[in-house]
Amino acid sequence: MLVSYFINTNLKKLISRIRRCSRLVVKGEDPESLHDTRVAIRRTMTILSTLTDIYHKYYVNSIRKGLKNFFTETGSLRDEEVILGILSDITLSDENNAVFT
C-alpha cells in the first residue's frame, strides 16, 4: 500500500467525522458531539502537520489554518458546555453554602 493512499484514506475518514459530528452539534442531538468534533479537528491538524514534505506546504497550511479557526471558534462553546455541566452539579443548600453533588 502506498503511503499517500493510507494518508488520504485516513484524512478522508477524519474529515467525514468532523462533518458528521458538526451536524450533530447543530442539531443538538448528542451532548458529546462538540467534544468529538474538536477531537477530530485536533487529530486532523496533527496529521496535516506531518505532511508538508509530501504535499505542497501552502495547501496543507491553508487547510490547517481553516481547521484551527474552526477549532478556536468552537472553544468558547465548549467552555460554556463544561461550565454548565459543573454548575448543574452544584446545589444550593442555603444562601451561603453551595454543595457539589
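These legends describe close-up views of a predicted model.

**View 1. Helix 1 packs against helix 2.** Helix 1 covers residues 3–27, and helix 2 covers 33–49. Their axes lie 8 Å apart, at an angle of about 155°. Angles over 145 degrees count as roughly antiparallel. Helix 1 and helix 2 are therefore roughly antiparallel to each other. Their crossing is left-handed.

**View 2. Side by side: the contact of helix 1 with helix 2.** Helix 1 brings Leu11, Leu14, Arg17, Ile18, Cys21, Ser22, Leu24 and Val25. Helix 2 answers with Ser33, Leu34, Asp36, Thr37, Ala40, Ile41, Arg43, Thr44, Ile47 and Leu48. What classes do the residues of this contact divide into? Eleven are nonpolar, four are polar and three are charged.

**View 3. Helix 2 crosses helix 3.** Helix 3 covers residues 57–88. The axes of helix 2 and helix 3 come within 9 Å. They cross at roughly 155°. With the cut-off for roughly antiparallel set at over 145 degrees, helix 2 and helix 3 are therefore roughly antiparallel to each other. Helix 2 passes helix 3 in a left-handed crossing.

**View 4. Residues meet between helix 2 and helix 3.** From helix 2 come Leu34, His35, Thr37, Arg38, Ile41, Arg42, Thr44, Met45, Leu48 and Ser49. From helix 3 come Val60, Ile63, Arg64, Leu67, Lys68, Phe70, Phe71, Thr74, Gly75, Leu77, Arg78 and Glu81. How many residues of each class does this contact have? There are ten nonpolar, six polar and six charged residues.

**View 5. The largest pocket holds about 170 Å³ of space.** Its lining is made by Asn8, Leu11, Ile15, Thr44, Leu48, Leu51, Tyr55, Tyr59, Val60 and Ile63. Which elements give two or more residues to this lining? They are helix 1, helix 2 and helix 3. Eight lining residues are nonpolar and two are polar. No charged residue lines the largest pocket.

**View 6. Some lining residues of the largest pocket also sit in helix contacts.** Leu11 lines the pocket, and Leu11 also belongs to the contact of helix 1 with helix 2. Val60 and Ile63 are lining residues too, and both meet helix 2 from helix 3. Thr44 and Leu48 of helix 2 line the pocket. Thr44 and Leu48 take part in the contact with helix 1 and in the contact with helix 3.

How values were computed. Residues numbered from 1 in each chain as written. Predicted model: local features only at pLDDT ≥ 70, side-chain atom pairs only at ≥ 80, totals over all residues. Heavy atoms only, no water. 1 Å grid on protein atoms, 1.4 Å probe; cavity = no way out; pocket = protein on both sides within 12 Å on 5 of 7 lines; lining within 4 Å. Points joined across faces, edges and corners; volume = space filled by probe spheres on them. Helix = DSSP H or I, 4+ residues; strand = E, 2+ residues; numbered from the N terminus. Nonpolar A, V, L, I, M, F, W, Y, C, P; charged D, E, K, R; others polar. Axes fitted to C-alpha atoms, helices over the stretch in contact; angles between N-to-C directions. Parallel < 35°, antiparallel > 145°, perpendicular 65-115°, else oblique. Left-handed = near helix turned anticlockwise from the far one by under 90°. Contact = heavy atoms within 4.5 Å.
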